[in-house]
Amino acid sequence: MKILSKTAAWTATLALSSSLLLSGCSAPADAASSSTVATASTTSSAASTEATTEDATASGSTTASTISETAEAAQAFLDTLSDEQKQQVVYDYDDETKTTSWSNFPVTFVDRAGVNLTDLSDEQQAAALKVLESLLSDEGYQTVEDIMGGDEYLAENSSSTEDSLGQYYIAFFGDPSDTSAWEVQFGGHHLGINATLDGSADDITFAPTHLGSQPAAYEDEDGNEVQPLSGMYETAFAFYDSLSDEQKAELYQGEELAAMQCAPGSTCDYPTGTGIKGSDLTDEQKDLLLDVISQWVGLGDQETTDAELAKIEASLDDTYVNWSGATEYDMTQGDGIYFQISGPDVYIEFADQAGSAGADVDGVTTSGWGHIHTIYRDPQNDYANSVEQEEGSGPGAGGMGDGAPGGAMGEAPDQESSEDSTAATADASA
């Protein structure tokens with residue numbers, strides 16, 4: 001039984017905000033939607049940053065409160081587990097497993113750390129997801145829920161043979177605390193969150209994190225259209241459309257979609273220097289670029305988001321952006337887009353996948369525009385510098401790894417399909 005099916009009755013009680021920053025669920029999936037941009041607030045002056053922080057403190061949306069509430073929720077979750085289950089969930093803070101146990105591959109291809117939520121009781125599942133609710137903003141949690149909902153949609157409606165859809169794992173690296181550093185890892189198919197919380201430094205980092213979606217737009221059981229990552233499309237095209245022809249010529253790398261350079265769960269050399277440089281942007285364009293970056297950085301509370309964006313903004317002049325694929329936000333045309341943002345304090349890739357990997361649904365786009373992989377990393381602070389990234393496991397590790405090779409998801413690749421996946425890594429599942 002899939003996790004969302006088991007928990008559908010009680011997830012409605014989480015009282016999530018309907019005004020979405022990250023997911024933009026109500027946006028139409030066509031060119032007209034590019035005029036509606038879901039932007040996050042960015043602070044470009046010391047005065048506005050101070051005011052926003054004061055507002056966050058007044059509302060309880062602070063880094064310190066998030067750390068405290070998440071640690072409390074994590075301990076409450078552990079209290080529901082048996083001793084054997086606790087041993088599955090808690091690792092040493094510096095265990096290198098944290099770097100190899102998240103991926104854009106299904107769980108049948110890459111083992112995840114922690115406990116599978118499908119192996120827990122409803123009460124334990126609720127307690128596990130309460131950890132995420134405490135960690136993430138309402139909008140961030142909604143985005144995660146919608147990504148998971150896409151998996152459930154595929155499991156119920158697609159031709160996929162992948163039996164891992166809907167399976168998610170939770171693990172802690174270090175003991176939950178509001179006075180020392182520890183990490184929450186949560187993920188499965190199209191999702192890999194690594195959040196390090198350090199109460200001693202009043203700091204939270206979400207680097208590295210993988211967000212993805214297949215399909216990019218689907219209909220839920222109530223007939224509502226859901227687009228988990230539409231905010232990424234909208235802010236990206238708002239930035240692209242703001243550029244002059246000369247700037248676009250610098251930015252653009254060609255019609256053929258680039259493949260991801262840094263696969264989730266694998267090492268990364270943070271390629272940079274290609275495309276347009278931040279120092280060549282206007283102030284307005286820099287703000288639009290920060291809006292794009294906020295789609296990943298803005299998973300947490302307001303104070304944490306503002307602090308991370310301020311750090312990235314300080315080195316934005318030395319940050320490069322490049323783009324390939326479509327140049328108009330029209331999901332009925334072409335194979336989608338790829339863009340890369342690479343600088344001293346941020347590394348982001350957004351990559352549409354050319355293949356559906358067998359997860360086809362009549363009338364629904366499950367490749368190209370409809371199949372999204374992304375990665376967010378901090379070249380200076382991945383895992384809060386607690387451990388170095390080890391090479392990930394699974395098909396494609398060490399390459400551009402974009403998902404399960406072969407025909408339908410979950411099928412073991414033969415030699416020919418493995419070679420094909422190396423040559424054309426976008427034809428993948430995760």
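Both lysine 98 and glutamate 183 are buried, where buried means under 20% relative accessible area, exposed over 50% and partly exposed in between, with a 1.4 Å probe and protein chains only. This comes from a predicted model, in which local features need pLDDT of at least 70 and side-chain atom pairs count only at pLDDT 80 or more, while totals for chains, interfaces and linings use all residues. Residues are numbered from 1 along each chain as its sequence is written, and side-chain values use heavy atoms, with hydrogens and water left out.

Lysine 98 and glutamate 183 also pair up in a salt bridge, with 3.6 Å between the closest N and O atoms; the term stands for a side-chain nitrogen of Lys or Arg within 4 Å of a carboxyl oxygen of Asp or Glu. The two partners sit 85 residues apart, lysine 98 in helix 5 and glutamate 183 in strand 4, so to speak a link between distant parts of the chain. Helices (H or I, at least four residues) and strands (E, at least two) are DSSP runs numbered from the N terminus. Across the whole structure, the search turns up 7 salt bridges.

Another of these bridges joins lysine 286 to aspartate 317, with the closest N and O atoms 2.7 Å apart. Here, too, distant parts of the chain are linked: lysine 286 belongs to helix 10 (residues 283-297), and aspartate 317 to the loop between helix 11 (302-314) and strand 11 (320-325), 31 residues apart. Lysine 286 has a relative accessible area of 17% and is therefore buried, whereas aspartate 317, at 36%, is partly exposed.

Lysine 311 and aspartate 378 meet through their side chains as well, at 2.6 Å from N to O. This pair spans 67 residues, from lysine 311 in helix 11 to aspartate 378 in the loop between strand 14 (368-377) and helix 12 (415-423). Lysine 311 counts as partly exposed because its relative accessible area is 28%, and aspartate 378 counts as buried because its value is 1%. Shared partners bring Glu308, Lys311 and Asp378 together in one salt-bridge network.

Turning to the rings, the structure holds 18 aromatic pairs. Rings of Phe, Tyr and Trp (its six-membered ring) pair if their centres lie within 6.5 Å; planes under 30 degrees apart count as stacked, over 60 as edge-to-face and the rest as tilted. For phenylalanine 172 and tryptophan 182, the centres are 5.6 Å apart and the planes stand at 90°, which makes the pair edge-to-face. Phenylalanine 172 comes from strand 3 (residues 168-173) and tryptophan 182 from strand 4 (residues 181-188), so the pair links distant parts of the chain, 10 residues apart. Phenylalanine 172 is buried at a relative accessible area of 0%, and tryptophan 182 is buried at 0% too.

The rings of phenylalanine 339 and phenylalanine 350 are stacked, because their planes are at 5° with the centres 5.0 Å apart. This pair ties strand 12 (residues 337-343), home of phenylalanine 339, to strand 13 (residues 346-353), home of phenylalanine 350, across 11 residues in sequence. Both of these phenylalanines, 339 and 350, are buried. They also belong to a cluster linked by ring pairs, which takes in Tyr233, Phe237, Tyr240, Trp296, Trp323, Tyr329, Phe339, Phe350 and Trp369.

The backbone has a few quirks of its own. Cis peptide bonds join alanine 207 to proline 208, with omega about 0°, and glutamine 214 to proline 215, with omega about -5°. Proline 208 is found in the loop between strand 6 (203-205) and strand 7 (209-213), and proline 215 in the loop between strand 7 and strand 8 (218-219). Aspartate 202 is not a glycine, yet has a positive phi of about 55°. Its loop runs between strand 5 (191-198) and strand 6, and aspartate 202 is partly exposed at 38% relative accessibility. Tyrosine 383, not a glycine either, has a positive phi of about 55°; this tyrosine 383 lies in the loop between strand 14 and helix 12 and is buried, at 1% relative accessible area.Finally, aspartate 269 sits in the loop between helix 9 (245-251) and strand 10 (276-277) and is exposed, with a relative accessible area of 66%. The C-alpha atoms of aspartate 269 and proline 379 are separated by 8.8 Å, although the two residues are 110 residues apart along the chain.
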